[in-house]
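Trainee: I would like a close look at one part of this protein, and at how the rest of the chain is arranged around that part. Please start with how far the model can be trusted.

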Amino acid sequence: DAQLQNLSKLLTQAKAIPHQMDGKPDGVMIDDIVPGSFYEKAGLKNLDVIRKINGKPVTRMEQSVQMFQALKGQNSIDIEIARAGDVRHPHYTIH
């Protein structure tokens, strides 16, 4: 929860790149994850594509930032991730 409170720091812990599938936006690819960062602790890997946060599609960079801001005060996060051809649905409890 503390890491979600400092959005500017959170945004420096990995590179987020818009991702497309068949010419259509389908999420944000995460790369250059800083060791020990929120992203690593959440189990994300370089080249993961975050497709949904709490059931809402992520199609633009601005949208992903707004979604992370909206997570402040939440008790949990559900993310849909595409990783190497597989789709995963991790659930995280925020402390």
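Trainee: Which element of the protein has the lowest mean pLDDT, and which has the highest? After that, please take me slowly through strand β2 (24-31).

Mentor: Happy to! This is a predicted model, in which local features need pLDDT of at least 70, side-chain atom pairs count only at pLDDT 80 or more, and totals for chains, interfaces and linings use all residues. Residues are numbered from 1 along each chain as its sequence is written, and side-chain values use heavy atoms, with hydrogens and water left out.

Now your first question. Helix α1 (residues 2-5) has the lowest mean pLDDT, 56, and strand β6 (residues 86-88) has the highest, 95. Here pLDDT is the predictor's confidence in each residue, from 0 to 100. The protein averages 83, and 80% of the residues score at least 70. In total there are 4 helices and 7 strands, where helices (H or I, at least four residues) and strands (E, at least two) are DSSP runs numbered from the N terminus.

On to β2. This strand is mostly covered, as 6 of its 8 residues are buried; buried means under 20% relative accessible area, exposed over 50%, and partly exposed in between (1.4 Å probe, protein chains only). In the protein as a whole, 38% of the 95 residues count as buried.

Next, look at the partners of β2. Strand β1 (residues 15-21) runs antiparallel to β2 and is joined to β2 by 7 bridges; two strands pair if DSSP finds at least two bridges between them. Across this pairing, A16 stands opposite I30. The hairpin of β1 and β2 has 2 residues between the strands, and D22 there takes a positive phi near 55°. With β3, strand β2 also pairs in the antiparallel sense, over 2 bridges, and M29 stands opposite V49.

I30 leads us to the protein's interior. It is one of the residues that touch the most other members of the largest nonpolar core, along with I33, Y39, L44, I50 and I79; the core has 16 residues. The elements giving two or more residues to this core are β2, α3 (38-41), β3 (49-53) and β5 (76-83), with β5 giving the most, 3 residues. A nonpolar core is a set of buried Ala, Val, Leu, Ile, Met, Phe, Trp, Tyr and Cys residues joined through side-chain atoms within 4.5 Å. In soluble globular proteins, nonpolar side chains tend to be buried together.

I33 has contacts (heavy atoms within 4.5 Å) with Q13, A14, Y39, E40, L44, K45 and N46, leaving aside its neighbours within four places in sequence.

Finally, the salt bridges. Each is a side-chain nitrogen of Lys or Arg within 4 Å of a carboxyl oxygen of Asp or Glu, and the count comes to 3. D32 and K15 form one of them, at 3.0 Å from N to O; D32 lies in the loop between β2 and α3, while K15 belongs to β1, 17 residues apart. D32 is partly exposed at 45% relative accessibility, and K15 is partly exposed at 41%. Another joins E80 and R51 at 2.9 Å, N to O, linking β5 with β3 across 29 residues. E80 counts as buried at 11% relative accessibility, whereas R51 is partly exposed at 27%.
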